[in-house]
Amino acid sequence: MLLPAKAEVARHLRHYRVWERAMLASPDDRRVRATFEDSGYTLCVLMGKRCAREAADAAERYLRTNLVTYLREQGTGRPHVGVVPGRTRRRPAKDRRSRAGA
C-alpha cells in the first residue's frame, strides 16, 4: 500500500475543511458545492476511501500517528514480502512454448 507524503495529506485536508465550512455557510452556491465535492474526491483518492468523511478521518489519523501505527489501525498490518500463496515458480523457457498447432 502506497501512502502519500504527510505534507500533501495535510494540504488537501486543510483545503477540504476550508471548502466544507464555505459549503455549510452557503449551501445554495453551486460553485462552492462543486469545489467542496472535488476536494472531498481528491482526499478519497489520496487516502483510499470511498467516502469523503471517512477520508478526512483517515487523513487526520494518518497525520496524528506514524506509518506503522496507521497501518495497524487500518487493519492492513505490515506489508508482507516474499512468496505469494498459489504462485508457482516459472518454468524454463523451453517448457513455456505455445502448444498451438501441436
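The following paragraphs lead through a predicted model of a protein chain, from its overall make-up to its helix packing and then to three individual residues.

The chain contains four helices and zero strands, and its elements, read from the N terminus on, follow the order α-α-α-α. Of its 102 residues, 24% count as buried. Where contacts link residues at least 6 apart in sequence, 48% of them join residues at least 24 apart. Confidence in the prediction has a chain mean pLDDT of 81, with 71% of the residues reaching 70 or more. Over residues 79-84, however, pLDDT stays under 50, and for this stretch the model has one contact beyond four places in sequence. Where pLDDT is low, the predicted coordinates should not be read in detail.

The helix packing can be followed from helix α1, which spans residues 6-25. Its pairing with helix α2, residues 30-47, has an angle of about 150° and axes 9 Å apart. Because angles over 145 degrees count as roughly antiparallel, α1 is roughly antiparallel to α2. The crossing of α1 past α2 is left-handed. On the α1 side, the residues that meet α2 are Glu8, Val9, His12, Leu13, His15, Tyr16, Trp19, Glu20, Ala22 and Met23, while the α2 side includes Arg31, Val32, Phe36, Thr42, Leu43 and Leu46.

Helix α1 also packs against helix α3, residues 52-64, here at an angle of about 135° and with the axes 10 Å apart. The two helices, α1 and α3, are therefore oblique to each other, and α1 passes α3 in a left-handed crossing. From α1, the contact draws on Lys6, Val9, Ala10, Leu13, Tyr16 and Arg17, and from α3 on Ala52, Arg53, Ala56, Ala59, Glu60, Tyr62 and Leu63. Val9, Leu13 and Tyr16 of α1 thus appear in the contact with α2 and also in the contact with α3.

Within α1, histidine 12 is one of the residues that meet α2. Its relative accessibility is 17%, and histidine 12 counts as buried because buried means under 20% relative accessible area. When residues up to four places away in sequence are not counted, histidine 12 touches Thr42, Leu43 and Leu46, and these three residues are listed on the α2 side of the contact with α1. The side chain of histidine 12 is also joined to that of arginine 11 by a polar contact of 3.4 Å.

Arginine 17, likewise found in helix α1, belongs to the α1 residues that make the contact with α3. With its neighbours within four places in sequence left aside, arginine 17 is in contact with Ala56 and Glu60, both of which are named on the α3 side. The relative accessible area of arginine 17 is 22%, and the residue is partly exposed. Arginine 17 and phenylalanine 36 are 19 residues apart in sequence, and their C-alpha atoms lie 8.6 Å apart in space.

Glutamine 74 brings the reader to helix α4, which covers residues 67-74. At 22% relative accessibility, glutamine 74 counts as partly exposed. Not counting residues up to four places away in sequence, glutamine 74 touches Lys49 and Arg61. For glutamine 74 and arginine 61, which stand 13 residues apart along the chain, the C-alpha atoms are separated by 9.8 Å.

Notes. Residues are numbered from 1 along each chain as its sequence is written. This is a predicted model: local features need pLDDT of at least 70, side-chain atom pairs count only at pLDDT 80 or more; totals for chains, interfaces and linings use all residues. Side-chain values use heavy atoms; hydrogens and water are left out. Buried means under 20% relative accessible area, exposed over 50%, partly exposed in between (1.4 Å probe, protein chains only). A polar contact is a pair of N or O atoms within 3.5 Å; within protein, one must be able to donate a hydrogen and the other to accept it, and residues adjacent in sequence count only if both atoms are side-chain atoms. Contact means heavy atoms within 4.5 Å. pLDDT is the predictor's confidence in each residue, from 0 to 100. Axes are lines fitted to C-alpha atoms, for helices over the stretch in contact, and angles run from 0 to 180 degrees between N-to-C directions. Angles under 35 degrees count as roughly parallel, over 145 as roughly antiparallel, 65 to 115 as roughly perpendicular and the rest as oblique. A crossing is left-handed if the near helix is turned anticlockwise from the far one by less than a right angle, and right-handed if clockwise.
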